[in-house]
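Student: Please take a close look at one part of this model and then set it against the rest of the chain. I should like to follow the reasoning step by step.

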Amino acid sequence: MIEHTTTLRVRYADTDNMGIVYYAKYFEYFEVARTEMLRACGLPYVAIEESGFQLPVVEAKASYFSGAKYDEMLSIRATMPREPSPRLVIHYEIRTGEANTLIANGETTLVFVNKLTGKPARPPKAYIDAINNF
């Protein structure tokens, strides 16, 4: 299993009228964690796109347990299987900084797509190498 943790501070613009993070923002937080995990593996999104592939999200889900508040530090742990596959299923846990309380979790499924044809494809060699070397 590959695991990476990213931290971020809740911005005022992320909160709703009740002073808590608007539910859809968690999907943006998942994206930040996913992008940073791939970067930590040595494979930033730009490298995937430059090699002729894209990784669209085909499914996303989240469960919420309590709301994050403005200026709170969040820890977002992203995990994914080490085995290369055309489908990339990534799990997320979001916790508050000091209390380390689980406030949300979720999952996204992405599929490697050939940039020219728009059709699903096997993962590129650069991805497989990066995962194996992590």
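Tutor: A residue is called buried when its relative accessible area is under 20%, exposed when it is over 50%, and partly exposed in between. The model is a predicted one. The part chosen here is the loop that holds Gly67, between β3 and β4.

With a relative accessible area of 25%, Gly67 lies between the two cut-offs and is therefore partly exposed. Leaving out residues up to four places away in sequence, Gly67 touches Ile20, Tyr26 and Glu72. The C-alpha atoms of Gly67 and Ala104 are 8.2 Å apart in space, while 37 residues separate the two in sequence.

Asp71 is found in the loop between β3 (57-64) and β4 (73-80) as well. The phi angle of Asp71 is positive, at about 75 degrees, although Asp71 is not a glycine. Its relative accessible area is 39%, so Asp71 is partly exposed. A positive phi in a residue other than glycine is found at Asn100 too, where the value is near 55 degrees. Asn100 sits in the loop between β5 and β6 (102-111). Asn100 has 45% relative accessibility and therefore counts as partly exposed.

One of the contacts of Gly67, Tyr26, leads from the loop to helix α1. Tyr26 and Tyr29 both lie in helix α1 (residues 25-40), 3 residues apart, which is about one turn of the helix. Each of these two tyrosines is buried. A pair of aromatic rings is described by the distance of the centres and the angle of the planes. For Tyr26 and Tyr29 the centres are 5.8 Å apart and the planes stand at 70 degrees, an edge-to-face arrangement. Ring pairs also bring in Tyr64, and Tyr26, Tyr29 and Tyr64 are linked into a cluster. For the chain, the count comes to 7 aromatic pairs.

Another of these pairs joins Phe30 and Tyr92, with 4.4 Å between the centres and 5 degrees between the planes. Planes under 30 degrees apart count as stacked, so this pair is stacked. Phe30 belongs to helix α1 and Tyr92 to strand β5 (residues 87-96); the two are 62 residues apart, and the pair links distant parts of the chain. Phe30 has a relative accessible area of 0% and is buried. Tyr92, at 2% relative accessibility, counts as buried as well.

Thr35 is placed in helix α1 too. Its relative accessible area is 18%, which is under the 20% cut-off, so Thr35 is buried. Thr35 and Ala78 are 43 residues apart along the chain, and their C-alpha atoms are separated by 9.7 Å.

Phe53 may be set beside these residues. Phe53 is found in strand β2 (residues 53-54) and is buried, with a relative accessible area of 14%. Apart from neighbours within four places in sequence, Phe53 is in contact with Ile48, Phe112, Val113, Asn114, Lys115, Ala121, Arg122 and Pro124. Between Phe53 and Gly19 there are 39 Å from C-alpha to C-alpha, and the two are 34 residues apart along the chain.

The chain as a whole gives the setting for these details. It has 3 helices and 7 strands, which follow one another in the pattern β-α-α-β-β-β-β-β-β-α. Of the contacts with a separation of 6 or more, 66% are between residues 24 or more positions apart. Buried residues account for 36% of the 134 residues. The exposed area of the chain is about 7,500 Å², of which carbon and sulfur atoms supply 52%.

As to overall dimensions, the C-alpha atoms fill a box of roughly 45 × 30 × 20 Å along the principal axes. A compact globule of 134 residues would have a radius of gyration near 14 Å, and the 16 Å of the chain agrees with that. Among the side chains, 15 are positive and 16 negative, and the centres of the two sets lie 6 Å apart.

To return to the starting point, Gly67 is partly exposed, and one of the residues it touches is Tyr26, which is buried together with Tyr29.

Methods: Residues are numbered from 1 along each chain as its sequence is written. This is a predicted model: local features need pLDDT of at least 70, side-chain atom pairs count only at pLDDT 80 or more; totals for chains, interfaces and linings use all residues. Side-chain values use heavy atoms; hydrogens and water are left out. Helices (H or I, at least four residues) and strands (E, at least two) are DSSP runs, numbered from the N terminus. The radius of gyration is taken over C-alpha atoms; the globule rule is 2.2 Å times the number of residues to the power 0.38. Buried means under 20% relative accessible area, exposed over 50%, partly exposed in between (1.4 Å probe, protein chains only). Contact means heavy atoms within 4.5 Å. Accessible areas come from the Shrake-Rupley method with a 1.4 Å probe; for residues, only the protein chains shown count as cover. Lys and Arg count as positive and Asp and Glu as negative; His and the chain ends are not counted. The place of a charge is taken as NZ of Lys, CZ of Arg, CG of Asp or CD of Glu. Rings of Phe, Tyr and Trp (its six-membered ring) pair if their centres lie within 6.5 Å; planes under 30 degrees apart count as stacked, over 60 as edge-to-face and the rest as tilted.
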